[in-house]
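Let's take a walk through this fold together. Have the sequence and the coordinates open, and follow along as we go.

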Amino acid sequence: MSRPHDTHFMKTALTLAERGLGQVAPNPAVGCVIVREDEGHRIVGRGWTQAGGRPHAETEALARAGAEASGATAYVSLEPCAHQGKTGPCAQALIDAGIARVVGAVSDPNPQVAGRGFAMLEAAGVEVTENVCGDEARHLNAGFFLTMSEARPLVTLKIASSLDGRSATHDGQSQWITGERARNRGHLLRATHDAIMVGSATAVVDDPQLTCRLPGLGTRSPVRIVADGRLRLPLTSKLVRDAHKIPVWILTLPQGDAARRKAFEDCGVTLIDVAPGEGGVMDMRDALEKIAARGVTRLLVEGGARLAASLMQARLIDRIEWFQSPKVIGGDGYPAIAGLGVKHVEKAPVFALRELISLGEDSLASYVLRS
């Protein structure tokens, strides 16, 4: 049974878990707090999943708590694992440390766990309380949950536009629609995702780096992905030139020019063949499944308008992070999302507003797909 202070400590565990986003795939980002209830609810250990997915949050928290873990309560944002992987089961580690009570936010959807962790704890006499801040925990690790249920990553569309939804003027100028605070927040989004994707037109015209350039977070640049069915990306592009330093994957159709394919591979670029869909373009669901198979759980899509439209039409966008400036460009500017062919309003994708924040003159609206 839940206790009055459980929500407070679970939210602390969830805050710790956020530190792992973009760093732990294909593992989930988990946080753990160990509390001595017999000593005024004193926290004696904290932990979160480390870069690369190991060590797990529980292991980190137990190491910090030491002998004080015995008789304490552990708050864990995801069910402790119950199987032997590269390390031993976290459920067993909690038992061995003498933890008296475990409060879990949500069950692990991994078939290797899926209730077995909680069952192992209860069989050893540990009191277990489940589903504390469960919705928040599922939101945090939505990418991990989607890889388990749909074999694809969470897809977040990032848009930077004018007040009237234009991403560039009629002659293609787009720097800078939003201000510095909004751009910095966009770089933070990159740091919390496993991969970032753009379409071939954006890659060719803008020649972006797609790295995280916030002070102190330079090492947290995600895998760069270009959806480029015809291999249009120049071999002289910034992405190709530093592919040996930060991974670059190109999603492409399988029947590309062999010599050009080899040239990309010689530059360190990974080519991922995607099945053709309607009209000979790439099947984006197949693309996402192949991205997930390589360990990506959180994918940030930054452009362009046609790529956003193709994902939206396939109902493959789960969240939108919409940066909006107070500028008005007009109907001759480029739209942030290309045409969707919606004939009836009731057939349009619907997103629910989750958060709205001010970033100086600009704003950031965070949306989730309404189920």
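We'll start with the whole chain, then turn to one sheet, the cores and a pair of cysteines.

Keep in mind that this is a predicted model. The protein chain has twelve helices and 16 strands. Its radius of gyration comes out at 23 Å, close to the 21 Å that the globule rule gives for 371 residues, so the chain is as compact as a globular protein of that length. If you box up the C-alpha atoms along the principal axes, you get roughly 65 × 45 × 40 Å. Buried residues account for 50% of the 371 residues. As for how the chain folds back on itself, take the contacts with a separation of 6 or more: 71% of them join residues 24 or more positions apart.

Now for the sheet. Five strands make up an open sheet, running in the order β2-β1-β3-β4-β5, and the pairing is mixed. Why is one side of β2 and of β5 left without a neighbour in the sheet? Strands β2 (42–48) and β5 (127–129) stand at the edges and have a single partner strand each, so there is nothing in the sheet to flank that other side. Neighbouring strands here are turned against each other by 15° on average, ignoring direction.

Strand β3 (residues 73–76) is a good place to see the mixed pairing. With strand β1 (residues 31–36), β3 pairs in the antiparallel sense over four bridges. With strand β4 (residues 101–104), β3 pairs in the parallel sense, again over four bridges. Ala 74 shows both sides of this: it is the bridge partner of Ile 34, and its own bridge partner in β4 is Val 102. Look at the side chains of β3 as well: Thr 73 and Tyr 75 point one way, Ala 74 and Val 76 point the other way, and all are buried. Further along, β4 and β5 pair in the parallel sense over three bridges, with Val 103 standing opposite Thr 129 in β5. Helix α2 (residues 57–65) packs on this sheet, where it touches β1, β2 and β3, and its direction makes about 140° with that of β2.

Some of these residues come back when you look at the interior. In soluble globular proteins, nonpolar side chains tend to be buried together. The largest nonpolar core here has 42 residues, and those touching the most other members are Met 10, Ile 34, Ala 74, Ile 99 and Leu 121. Which helix gives the most to this core? That is helix α1 (residues 6–17), with six residues. For a closer look, pick Leu 121: beyond its neighbours within four places in sequence, it is in contact with Pro 80, Ala 91, Leu 94, Ile 95, Val 102, Val 126 and Val 128. Another core lies apart from this one and has 30 residues, including Leu 157, Met 282, Ala 336 and Phe 351.

Last stop: the cysteines. How many disulfides does the structure hold? Zero. You might pause at Cys 81 and Cys 90, though. Cys 81 is buried, with a relative accessible area of 9%, and Cys 90 is buried too, at 1%. The closest cysteine sulfur to that of Cys 81 is the one in Cys 90, but the distance is 3.6 Å, which is too far for a bond. A disulfide would need the two sulfur atoms within 2.5 Å, so this pair stays unbonded in the model.

Methods
Residues numbered from 1 in each chain as written. Predicted model: local features only at pLDDT ≥ 70, side-chain atom pairs only at ≥ 80, totals over all residues. Heavy atoms only, no water. Buried < 20%, exposed > 50% of the residue type's maximum accessible area, 1.4 Å probe, protein only. Helix = DSSP H or I, 4+ residues; strand = E, 2+ residues; numbered from the N terminus. Pairing = 2+ DSSP bridges. Axes fitted to C-alpha atoms, helices over the stretch in contact; angles between N-to-C directions. Contact = heavy atoms within 4.5 Å. Core = buried A, V, L, I, M, F, W, Y, C linked by side-chain atoms within 4.5 Å. Rg over C-alpha atoms; globule rule 2.2 N^0.38 Å.
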